[in-house]
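Here's a quick briefing to read with the viewer open. Have a look at the fold first, then work through the points by topic.

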Amino acid sequence: MWGCGWLNGTGLVEELPACQDLQLVLLVLSLLGLLVGVPVGLCYNALLVLANLHSKASMTMPDVYFVNMAVAGLVLSALAPVHLLSPLSSRRVCRDSQWPLWSVGSEVHVALQIPFNVSSLVAMYSTAFLSLDHYIERVLPRTYMASVYNTRHVCGFVWGGALLTSFSSLLFYICSHVSARALECAKMQNTEAADAMLVFIGYVVPALAALYALVLLSRVHREDTPLDRDEGRLEPSAHRLLVATVCTQFGLWTPHYLTLLGCTVFVSRGKPMDAHYLGLVDFAKDVSKLLAFCSSFVTPILYHYMNQSFPAKLRRLMKKLPWGNRHCSPDHAGVQQVLA
């Protein structure tokens, strides 16, 4: 899974033992992520979705956003084993793969990359819109501008926009097969342009929106207004959950988009890169993708332990399950004797 080939071009043999230790550490972390993180992510995300859908009447604006992030987390958890266990020679960012089945532009690569991009866009934009709507609800409670009804429409827009943005990968794949017949497709084979667009739309825009919302929230949080005593405002734990979610999502996804941007800049220069730097970029891409997959189980855990209403929803869901109704029935005969 992990290799030290990116140090071969340096000629420093003494660095190889240290690299082998790093390789062992990353291998252990990857196995822990696959054996522990993936099942935990699938379980927590599924419980988050089912518990909130079972209690639709009590869902709030943040709950709708977290349900969408949980659905994206389910997709990421399902894709994690395939991405992390793919052959080492296939996970190359800035060069052609030695495995044609896994090479950039192949059917398998496109089939795996599109749901990954869609899930990443949904997670980032859900976090950004959650920050903005939280600020609106904090400043203007009871206005229904950030209501559950409006939030569901916003989340539908997020999923549609993510699908349209990731559709560019499918267009590049189609044009790679019909470029000899259509001159227009020959102009669309620049995958670096698609990566740059994904970095701008999928990371820069939601990051600026979330940062702007956090700045506004910090200003409002320092001021004691009569709205703080309004019973209709969000509970204080929602603010802590928001800050933890924003820091977690952007902290775990930032390395992925930075390596994607770095590879795009290197390739756009048009100069051949040394094998050492190519291997280093591939290694950074693997580490950043491992961190990105960690977001699929870290976020629902934060929601579970920081949302005060979620345990009650989970208990109501468990009572509806077949094994949740197994309790001792009261002894009506004994009760009648006591009353007599």
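Let's start with Thr248: is this residue buried or exposed? Thr248 has a relative accessibility of 15%, and because buried means under 20%, Thr248 counts as buried. Keep in mind throughout that you're looking at a predicted model.

**Around Thr248**

- Thr248 is found in helix α7.
- If you skip the neighbours within four places in sequence, Thr248 is in contact with Val298, Thr299 and Leu302.

**The overall fold**

- The protein chain comes to 10 helices and zero strands, so there's no sheet to hunt for here, given a secondary structure of zero strands.
- Reading along the sequence, you get α-α-α-α-α-α-α-α-α-α.
- The protein chain has 340 residues, and buried ones make up 41% of them.
- Take the contacts between residues at least 6 apart in sequence: 81% of these join residues at least 24 apart.
- The protein chain exposes about 18300 Å², with carbon and sulfur atoms supplying 67% of that area.

**The nonpolar core**

- The largest nonpolar core has 50 residues, and the members touching the most others are Phe66, Leu130, Trp253, Tyr257 and Phe293.
- Helices that each supply at least two residues of this core include α1 (16-54), α2 (61-84), α3 (107-139) and α4 (148-178). Further along the chain, α6 (191-222), α7 (236-268), α8 (275-306) and α9 (310-320) also each supply at least two.
- Which helix gives the most to this core? That's α2, with 12 residues.
- Trp253 touches Leu76, Phe116, Ser120, Met124, Ala292 and Ser295, leaving out residues up to four places away in sequence.

**Aromatic pairs**

- The structure holds eight aromatic pairs, and two of them are picked out below.
- Phe116 and Trp253 make a tilted pair, at 5.7 Å centre to centre with 50 degrees between the planes. Phe116 sits in helix α3 and Trp253 in helix α7, so this pair ties together parts that are 137 residues apart in sequence.
- Both partners are out of reach of the probe: Phe116 is buried, with a relative accessible area of 0%, and Trp253 counts as buried at 0% relative accessibility.
- Tyr203 and Tyr257 form a stacked pair, with 5.4 Å centre to centre and 25 degrees between the planes. Here too distant parts of the chain are linked, as Tyr203 is in helix α6 and Tyr257 in helix α7, 54 residues apart.
- Tyr203 counts as buried at 17% relative accessibility, and Tyr257 is buried with a relative accessible area of 2%.
- Zoom out and you'll find one aromatic cluster formed by Phe116, Tyr203, Phe250, Trp253, Tyr257 and Phe293.

**The salt bridge**

- How many salt bridges are there? The count comes to one salt bridge.
- Lys313 forms a salt bridge with Asp63, and the closest N and O atoms are 2.7 Å apart.
- This pair links distant parts of the chain: Lys313 is in helix α9 and Asp63 in helix α2, 250 residues apart.
- Are the two partners buried or exposed? Lys313 is buried, with a relative accessible area of 1%, and Asp63 is buried, with a relative accessible area of 1%.

**A nonpolar patch on the surface**

- Leu24, Val25, Leu27, Val28, Leu29, Leu31, Leu32, Leu35 and Val36 form a nonpolar patch on the surface, and together they have about 790 Å² of accessible area.
- Leu35, one of the patch residues, has its place in helix α1.
- Why does Leu35 count as exposed? Its relative accessibility is 65%, and because exposed means over 50%, Leu35 falls in that class.

**A long-range contact at His304**

- His304 lies in helix α8.
- His304 and Tyr44 are 260 residues apart in sequence, yet 8.2 Å apart in space, C-alpha to C-alpha.
- Leaving aside neighbours within four places in sequence, His304 is in contact with Tyr44, Phe310 and Leu314.

Notes
Residues are numbered from 1 along each chain as its sequence is written. This is a predicted model: local features need pLDDT of at least 70, side-chain atom pairs count only at pLDDT 80 or more; totals for chains, interfaces and linings use all residues. Side-chain values use heavy atoms; hydrogens and water are left out. A nonpolar core is a set of buried Ala, Val, Leu, Ile, Met, Phe, Trp, Tyr and Cys residues joined through side-chain atoms within 4.5 Å. Buried means under 20% relative accessible area, exposed over 50%, partly exposed in between (1.4 Å probe, protein chains only). Helices (H or I, at least four residues) and strands (E, at least two) are DSSP runs, numbered from the N terminus. Contact means heavy atoms within 4.5 Å. Patches are made of residues with over 30% relative accessible area and no salt bridge: like charges are joined within 9 Å, nonpolar side chains (Val, Leu, Ile, Met, Phe, Trp, Tyr) within 5 Å. Accessible areas come from the Shrake-Rupley method with a 1.4 Å probe; for residues, only the protein chains shown count as cover. A salt bridge is a side-chain nitrogen of Lys or Arg within 4 Å of a carboxyl oxygen of Asp or Glu. Rings of Phe, Tyr and Trp (its six-membered ring) pair if their centres lie within 6.5 Å; planes under 30 degrees apart count as stacked, over 60 as edge-to-face and the rest as tilted.
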